[in-house]
Amino acid sequence: MTSGTTVVLLAAGKGTRMKSERPKVLHELCGRSMLGWVIEATLGLEPDRIIVVIGHGAAEVEAAARAEVSGVDVEFVVQEPQLGTGHALKVAAPAIGDAERVVVTYGDMPLLSAESLASLVEAQKNGAGGAVSILTAVVDQPFGYGRIVRGEDQTFERIVEQKDAAPHERLIDEINLGVYCFARETLDDDLARLRDDNAQGEFYITDLAGIAAGDGRRVTPVVLDDASEAQGVNDLAQLADVRWQVQMRILEQHMANGVRIVDPATTFVDHGVEIGGDTEILPCTVLRGGVRIGSGCEVGPFTHLRTGAVLEDGAQVGNFTEMKNSRLGAGSKAKHLSYLGDTVVGARANIGAGTIFANYDGKAKHPSVVGDRAFIGSGTIIVAPNEIPAEATTGAGAVLTRSAKMGEGETWVGLPARRLDPPR
């Protein structure tokens with residue numbers, strides 16, 4: 001069973017205004033590239049194929065796109081030279097095959113949702129042969145955008161660009177987003193009719209809607225329910241604005257799942273973080289992609305959990321504690337000024353203030369293990385690789401070297417740490 005839909009994703013531009021050598025679509029939002037967010041939205045259409053048009057940084061963009069797509073046929077075509085959006089679709093057309101419809105979207109519109117794209121496809125399906133649907137938005141500040149001109153019966157007439165608009169047309173607040181769904185059966189003929197006789201000498205995808213309307217085919221504008229989805233990214237200021245909107249979507253989803261986020265304005269949670277219900281996230285906390293937090297945990301304030309950090313149910317990490325590639329067992333605590341790197345901590349253990357797991361020797365990272373109910377005294381340095389057995393204790397300021405061989409339930413103190421003999 002196929003959907004009959006092919007997606008053409010335009011991602012060839014350099015993004016000059018980003019002032020960066022990185023391809024624009026690979027700039028990140030909450031631990032994921034803009035391109036990744038766009039691909040996720042298109043996958044909601046269950047497309048038979050995704051065609052990505054690449055150009056600047058082609059190899060990097062292709063690798064990133066392949067990492068995001070699973071179970072869908074994906075093909076890459078190179079647009080060189082880059083002669084406009086219409087030219088990009090011309091380049092992609094031979095790879096489209098026998099799809100029923102073609103959705104065209106952009107790698108720099110990460111806020112666009114799968115639901116909005118589905119509405120676009122549905123509108124095209126409801127049209128007669130050769131129908132076109134267009135995503136539009138009603139905005140307070142339409143300056144600079146192409147306006148959607150409708151007739152008296154509110155049907156589509158044409159798109160007029162800002163520079164060509166008459167004074168009364170500039171008052172129109174419905175704008176064109178450049179996201180379309182075309183009937184495959186007429187697309188090749190329409191593309192052949194595109195002309196580059198304009199000041200830029202480029203082919204514009206916008207003209208395809210005018211061609212369809214001129215032929216008497218149905219062109220349906222689909223107005224976004226949430227106009228914020230229309231925002232694209234052309235510079236770093238816009239990237240920061242869009243990042244905040246993506247972040248709020250992530251936080252709202254966690255809160256809907258029963259996570260208490262005390263101050264969303266100072267909480268940074270990447271895409272792909274897992275958090276169990278009844279966990280509380282305190283202010284100024286950063287959770288990177290790949291972090292997994294169980295139920296009933298407490299995280300923060302001022303906590304940084306990096307990729308590979310895992311908190312089992314009821315674990316607590318607090319003020320200025322950082323974890324990387326480490327596991328904190330059920331009911332265990334690392335509440336103050338500590339670093340846990342490449343460490344596995346058992347259940348109901350206590351990691352005292354200022355504890356450092358010295359996991360890096362300048363060449364390689366090494367693991368450490370802390371057993372159940374162990375007590376690590378404040379200021380302890382554990383030189384990895386190392387093991388603190390169950391119910392063992394280190395005194396404040398102890399430095400546990402690699403040669404230490406602690407026994408279960410023993411107490412070690414000093415620099416370097418030695419076993420504290422029991423009183424006679």
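Where is the place of cysteine 30? In this predicted model, cysteine 30 is found in the loop that runs between strand S2 (28-29) and strand S3 (32-33). The close-ups below start with that spot and then move on to other loops, helix pairs and pockets.

**View 1. Cysteine 30 has an unusual sign for its backbone angle, given that it is not a glycine.** Look in the loop between S2 and S3. There, phi of cysteine 30 is positive, at about 55°.

**View 2. A cis peptide bond leads into proline 81.** The bond in question runs from glutamate 80 to proline 81, and its omega is near 0°. To find proline 81, go to the loop between strand S5 (73-78) and H3.

**View 3. The bond between glycine 300 and proline 301 is cis too.** Here omega is again near 0°. Proline 301 sits in the loop with strand S18 (298-299) on one side and strand S19 (304-305) on the other.

**View 4. Helices H1 and H2 cross at roughly 40°.** H2 covers residues 58-68, and its axis and that of H1 come within 10 Å of each other. How are the two helices set relative to each other? An angle of roughly 40° is neither under 35 degrees nor in the range from 65 to 115, so H1 and H2 are oblique. The crossing of H1 past H2 is right-handed. On the H1 side, the contact uses Leu35, Gly36, Ile39 and Leu43, and these meet Val61, Ala64, Ala65 and Glu68 of H2. Sorted by class, the contact between H1 and H2 has six nonpolar residues, one polar and one charged.

**View 5. Helices H3 and H5 make another oblique pair.** The axes of H3 and H5 (residues 184-192) come within 10 Å, and they cross at roughly 135°. This crossing of H3 and H5 is left-handed. H3 brings Gly86, Leu89, Lys90, Ala93 and Ile96 to the contact, while H5 brings Arg184, Leu187, Asp188, Leu191 and Ala192. Between H3 and H5, the contact residues come out as six nonpolar, one polar and three charged.

**View 6. The largest pocket holds about 1,700 Å³ of space.** Which residues lie nearest the centre of the largest pocket? They are Thr85, Tyr106, Leu177, Tyr204 and Asn234, out of 48 residues that line the largest pocket. Several helices and strands take part: strand S1 (5-11), helix H3 (85-96), strand S9 (156-160), strand S10 (174-183) and helix H6 (206-214) each give at least two residues to the lining of the largest pocket. So what is that lining made of? By class, the lining of the largest pocket has 17 nonpolar residues, 21 polar and ten charged.

**View 7. The second largest pocket has about 380 Å³ of space.** It takes 18 residues to line the second largest pocket, and Trp37, Glu40, Val246, Arg249 and Ile250 lie nearest its centre. Helix H1 (34-43), helix H4 (114-125) and helix H7 (236-256) each supply at least two of the lining residues. Which helix gives the largest share of this lining? That is H7, with six residues. Eight residues of the lining of the second largest pocket are nonpolar, five are polar and five are charged.

Note on methods: Residues numbered from 1 in each chain as written. Predicted model: local features only at pLDDT ≥ 70, side-chain atom pairs only at ≥ 80, totals over all residues. Heavy atoms only, no water. 1 Å grid on protein atoms, 1.4 Å probe; cavity = no way out; pocket = protein on both sides within 12 Å on 5 of 7 lines; lining within 4 Å. Points joined across faces, edges and corners; volume = space filled by probe spheres on them. Helix = DSSP H or I, 4+ residues; strand = E, 2+ residues; numbered from the N terminus. Nonpolar A, V, L, I, M, F, W, Y, C, P; charged D, E, K, R; others polar. Axes fitted to C-alpha atoms, helices over the stretch in contact; angles between N-to-C directions. Parallel < 35°, antiparallel > 145°, perpendicular 65-115°, else oblique. Left-handed = near helix turned anticlockwise from the far one by under 90°. Contact = heavy atoms within 4.5 Å.
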